[in-house]
Amino acid sequence: MDLESTRGQVRDIALEILELDTAELPSDADFYEVGGDSLALLELITKVEKHFGVRFDDDVANSLRSVEDIVRELHAAA
C-alpha cells in the first residue's frame, strides 16, 4: 500500500463527507476543527473501512481524528 496514494484516497473521502475544498483540509487537521462532527467522522470511518476492506476495532476508531491518523492505522493493519 503506497502511503501517498492512501493519504489521497482517505483525504478524498473526507473532503466529500465534509463538503470542503482541498485547501480547507490539511492531512493533519482535526475533523472537529474543520467543521466535522461525530456523525461525519463515523461516516468517514465506515467509508474508509469499506473502501480499503479493513475493520478498525472500536478503540482505534474512537481515536481517529485526522486523515493522518487514519492513514497511520491503515498502514499498521497492512
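Student: Where does Glu19 lie in this fold?

Tutor: Keep in mind that this is a predicted model. Glu19 sits in the loop between α1 (3-18) and α2.

Student: Is the side of the chain at Glu19 buried or exposed?

Tutor: Exposed means a relative accessible area over 50%. Glu19 has 71%, so Glu19 counts as exposed.

Student: What is the phi of Glu19?

Tutor: The general idea comes before the case. Most residues other than glycine have a negative phi. Glu19 goes the other way: its phi is near 55°, a positive value in a residue that isn't glycine.

Student: Let's zoom out. How many helices and strands does the protein have?

Tutor: The count is 4 helices and 0 strands. Walking from the N terminus, you meet the elements as α-α-α-α. The radius of gyration is 11 Å, close to the 12 Å that the globule rule gives for 78 residues, so the protein is as compact as a globular protein of that length. If you want a box around the C-alpha atoms, picture roughly 30 × 25 × 20 Å along the principal axes.

Student: What share of the residues counts as buried?

Tutor: Here the cut-off is under 20% relative accessible area. Of the 78 residues, 40% are buried by that test. As for the outside, the accessible surface is about 4700 Å², and carbon and sulfur atoms own 47% of that.

Student: What do the contacts say about residues far apart in sequence?

Tutor: Take the contacts with a separation of 6 or more: 55% of them join residues 24 or more positions apart.

Student: How do I read the buried residues of a helix?

Tutor: Start with the general geometry. An α-helix has 3.6 residues a turn, so residues three or four places apart point the same way. Now the case: in helix α4 (residues 67-77), the buried residues are Val67, Asp69, Ile70, Val71 and Leu74.

Student: Which helices do the buried residues of α4 pack against?

Tutor: They pack against α1, α2 and α3 (58-63). You can see one piece of this from Arg7, which belongs to helix α1. Beyond its neighbours up to four places away in sequence, Arg7 touches Ser27, Val67, Glu68 and Val71.

Student: Arg7 carries a charge, though. Is Arg7 buried or exposed?

Tutor: Arg7 counts as buried because its relative accessibility is 15%. For charges across the whole protein, there are 7 positive and 19 negative side chains, with the centres of the two sets 3 Å apart.

Student: And Glu49, which helix holds that one?

Tutor: Glu49 is part of helix α2 (residues 38-52). With a relative accessibility of 11%, Glu49 counts as buried.

Student: What does the side chain of Glu49 make a polar contact with?

Tutor: The partner is the side chain of Arg55, at 3.2 Å. Leaving aside neighbours within four places in sequence, Glu49 is in contact with Val54, Arg55 and Phe56.

Student: What about Ile45: which residues does it touch?

Tutor: Ile45 is also in α2. Skip residues up to four places away in sequence, and Ile45 touches Phe56, Ala61 and Leu64. Its relative accessibility is 7%, so Ile45 counts as buried.

Student: How far apart are Ile45 and Arg55?

Tutor: Those two are 10 residues apart in sequence and 9.1 Å apart in space, C-alpha to C-alpha. On your display, Phe56 is a handy place to look, as both Glu49 and Ile45 touch Phe56.

Conventions:
Residues numbered from 1 in each chain as written. Predicted model: local features only at pLDDT ≥ 70, side-chain atom pairs only at ≥ 80, totals over all residues. Heavy atoms only, no water. Helix = DSSP H or I, 4+ residues; strand = E, 2+ residues; numbered from the N terminus. Rg over C-alpha atoms; globule rule 2.2 N^0.38 Å. Buried < 20%, exposed > 50% of the residue type's maximum accessible area, 1.4 Å probe, protein only. Contact = heavy atoms within 4.5 Å. Areas by Shrake-Rupley, 256 points an atom, 1.4 Å probe, with all protein chains shown as cover. Lys, Arg positive; Asp, Glu negative; His and termini not counted. Charge placed at Lys NZ, Arg CZ, Asp CG, Glu CD. Polar contact = N/O pair within 3.5 Å; in protein donor to acceptor, adjacent residues only side chain to side chain.
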